Amino acid sequence: MTDYKYLAELAQEARKKSYSPYSHFCVGAALLCKNGKIYTGCNIENAAYTPTNCAERTAIFKAVSEGEREFEAMAIVGGKAEEKGGFCAPCGVCRQVIAEFCGDDFKIILGNEEEFGVHTLGSLLPFSFTKKDL
């Protein structure tokens, strides 16, 4: 069984590396591959905002750039820098990127090292547009 609490702890650690000098909203993600490897990511802001990259996409892009294509679960923790991490759902762009590689049953853990909730991509992104629609 997947240790969702451990994934949430890794996301919390990744959150500490966030570069968010403008919004002060720090997010960390931990992506579990089906082979057991874990890739973490944090959000990285830019003064122009548009080039900003979310923690979820950072983790996925790191994994994909290393040849990974099969994922099991992702934990996400986020919130204002001065606050403890909490429930922070992925933005629409991140949900779409997750849908590129994962099915509706992909597990998304929202929370922190103390408490979390397990959701599915299908519940967070109903009626997704994927490669099967092309």
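This report looks at helix α3 and strand β3 of a predicted model, and at the elements around them.

Let's start with the helix. α3 covers residues 92-101, and its buried residues are C94, R95, V97, I98 and A99. Those buried residues pack against two helices, α2 (55-65) and α4 (121-124), as well as two strands, β3 (71-80) and β4 (107-111). As for the spacing in that list, an α-helix has 3.6 residues a turn, so residues three or four places apart point the same way.

Now for the helix pair. α2 and α3 pack with their axes 9 Å apart, at an angle of about 25°. The cut-off for roughly parallel is an angle under 35 degrees, so α2 counts as roughly parallel to α3. The crossing of α2 past α3 is left-handed. On the α2 side, the contact is made by E56, R57, I60, F61 and V64, while α3 brings V93, C94, V97, I98 and F101. Sorted by class, that's eight nonpolar residues, two charged and no polar ones. C94, V97 and I98 of α3 turn up in this contact and are also buried.

On to the strand. β3 is mostly covered, with eight of its ten residues buried. It pairs with β1 (residues 25-33) and with β4, as laid out here:

| Strand pair | Bridges | Direction | One opposite pair |
|---|---|---|---|
| β1 and β3 | nine bridges | antiparallel | C33 and F71 |
| β3 and β4 | four bridges | parallel | M74 and I108 |

So which elements tie the two halves of this picture together? β3 and β4 are bridged to each other, and the buried residues of α3 pack against both β3 and β4.

Methods. Residues are numbered from 1 along each chain as its sequence is written. This is a predicted model: local features need pLDDT of at least 70, side-chain atom pairs count only at pLDDT 80 or more; totals for chains, interfaces and linings use all residues. Side-chain values use heavy atoms; hydrogens and water are left out. Buried means under 20% relative accessible area, exposed over 50%, partly exposed in between (1.4 Å probe, protein chains only). Contact means heavy atoms within 4.5 Å. Axes are lines fitted to C-alpha atoms, for helices over the stretch in contact, and angles run from 0 to 180 degrees between N-to-C directions. Angles under 35 degrees count as roughly parallel, over 145 as roughly antiparallel, 65 to 115 as roughly perpendicular and the rest as oblique. A crossing is left-handed if the near helix is turned anticlockwise from the far one by less than a right angle, and right-handed if clockwise. Ala, Val, Leu, Ile, Met, Phe, Trp, Tyr, Cys and Pro count as nonpolar, Asp, Glu, Lys and Arg as charged, and the others, Gly among them, as polar. Two strands pair if DSSP finds at least two bridges between them.
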